[in-house]
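Biologist: Please take one part of this structure and go through it closely. I would like to hear about an enclosed space and what surrounds it, and then about one pair of packed helices.

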Amino acid sequence: MSRPPTATAPAPPPVSLRHHRAFRLFWAADSVSQFGTYVGNALLPLLAATTLAATPLEMGLLSAAETMGYLLIGLPAGVWVARARQRRLMRRANTGRALLLCTIPVAWWSGLLTVAQLIAVALLCGVLAVLFDVAYQSHLPALVDRDHLLEGNARLQSSQSLAQITGPGIGGSLVQVAGPAAPVLATALGYLTSSLLLRRMREPDPANPPDGTGPPLLAEVGAGLRFMARHRTLLAITGCTATANFFAGVLGAVQVLFLTGVLGLGGSAAGATLSVLGLGGVLGALSAHRVVRRIGQARAVWLVPLTTFPALLLVPLAGRGALLALAPALAGLLVTGYGVVVYNVAQVSYRQVVCPEAMLARANATVRFVGFGAVTLGALLGGVLGESVGIRGTLWIAACGTSLAAAWVVCSPLRGIRDFAPAPTGAPTGTPTGTPTDGT
């Protein structure tokens, strides 16, 4: 007599995300997109500074345009992403960025390229970047279980850091060797490749709610803001991120002019110097999983910025001449890049753990609205300061402000816990959850 059929047990989750097909495709698509972003973010300022002779104020406007999208649509983007088919939205955002970038070589070949066009392209690409970034951060928890979120974020950050280390150097070298058209077209091709990789994913990509409707937009935006306002830990992290980003915007407005004008570096050397920030990020991404596990996720959020962000004070000490004179800038960028990535891995994983699924996209959008909106305002201030107090003086202001950003998390409830855990049902959202500090 044959036995009755038994139900097949679901396959256990992979031990490592290296064996997770959906994540591998998602990781590859995001990696290609990040390379496009960092090559593009290096290309446009280099084109403006070396080809179009942009002023410090124009450089500040260009730097601000790259992140202005977060101020324009940052808050409603969270609601749109929560309701949309997220991978389809990411594909369309990258296709749009590719088309926008193609207008630059067309204008160059026609002899019509201007700083104003670069600013317009940066602004529109930045708007599409908002939708892509909020969608990819919100989609990761739907692909992997929560035990793999830290590993997933570390892998995504490693790609971002690798793009940051190689992107400026690639962009600077290609501009010198091939002019502005070829590297911009290559960046556009990268965005299209990312879209194709996302299309290969077979997993469901449902809209939420399925019929595409939901509460009014303003009501959902307000609900996300109220959730964030009641959560003391998220407020502290957002404050730290926003402060660091504001002064990163000040730095970004003048760093290319500092390297090319004050220190006299060429395009390739300037790109290579900026890549050191990404090198620190790669080292941070490779070690973030182990570091965060060892010292505790909550501790990492406040201890890492406290000990690494002040390294940026070394950058203004760099001088013109031999490599030894450039060493302070290289060391400062390396250590700061390391700290930023370890901090990001810890705090993004925390947000994905403690936020309810219905609130995650809105929380991500709110943090990015505040954080990258701060970059935009900082870039505008950086351009003004570059004109008034000089390039090196602006760098000192940026470095001091970045060093103080850690005060938000150092003085928060994070110092009383070691690790984060999902809030139990009914727990007040204003109180961080986790294990008490054990003194190790």
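Modeller: In this predicted model, the second largest cavity is lined by L251, Q255, F258, L259, T273, L274, V315, A329, L333 and L395. The space inside the second largest cavity comes to about 70 Å³. Three helices each give two or more residues to this lining: α8 (232-262), α9 (267-295) and α11 (323-354). Of the elements involved, α8 gives the most, with four residues. Sorted by class, the lining has eight nonpolar residues and two polar ones, and no charged residue takes part. The search that found this cavity covered the whole structure and gave five cavities of 30 Å³ or more.

Now the helix pair. Two packed helices are described by the angle between their axes and the distance between the axes. Helix α1 covers residues 21-51 and helix α4 covers residues 115-143; they pack at an angle of about 160°, and their axes are 11 Å apart. Angles over 145 degrees count as roughly antiparallel, and α1 and α4 are therefore roughly antiparallel to each other. The crossing of α1 past α4 is left-handed. On the α1 side, the contact is made by A22, F23, F26, D30, S33, Q34, L44, L47 and A48. The α4 side brings L118, A122, F132, Y136, H139, L140 and L143. Taken by class, the contact of α1 with α4 has 12 nonpolar residues, three polar and one charged. The charged residue is D30 of α1, while the polar ones are S33 and Q34 of α1 and H139 of α4.

Notes
Residues are numbered from 1 along each chain as its sequence is written. This is a predicted model: local features need pLDDT of at least 70, side-chain atom pairs count only at pLDDT 80 or more; totals for chains, interfaces and linings use all residues. Side-chain values use heavy atoms; hydrogens and water are left out. Axes are lines fitted to C-alpha atoms, for helices over the stretch in contact, and angles run from 0 to 180 degrees between N-to-C directions. Angles under 35 degrees count as roughly parallel, over 145 as roughly antiparallel, 65 to 115 as roughly perpendicular and the rest as oblique. A crossing is left-handed if the near helix is turned anticlockwise from the far one by less than a right angle, and right-handed if clockwise. Contact means heavy atoms within 4.5 Å. On a 1 Å grid over the protein atoms alone, a cavity is a set of points where a 1.4 Å probe fits but cannot get out, and a pocket is an open set with protein on both sides within 12 Å along at least five of seven lines; lining residues have an atom within 4 Å of a point. Grid points are joined across faces, edges and corners, and a volume is the space filled by probe spheres set on the points.
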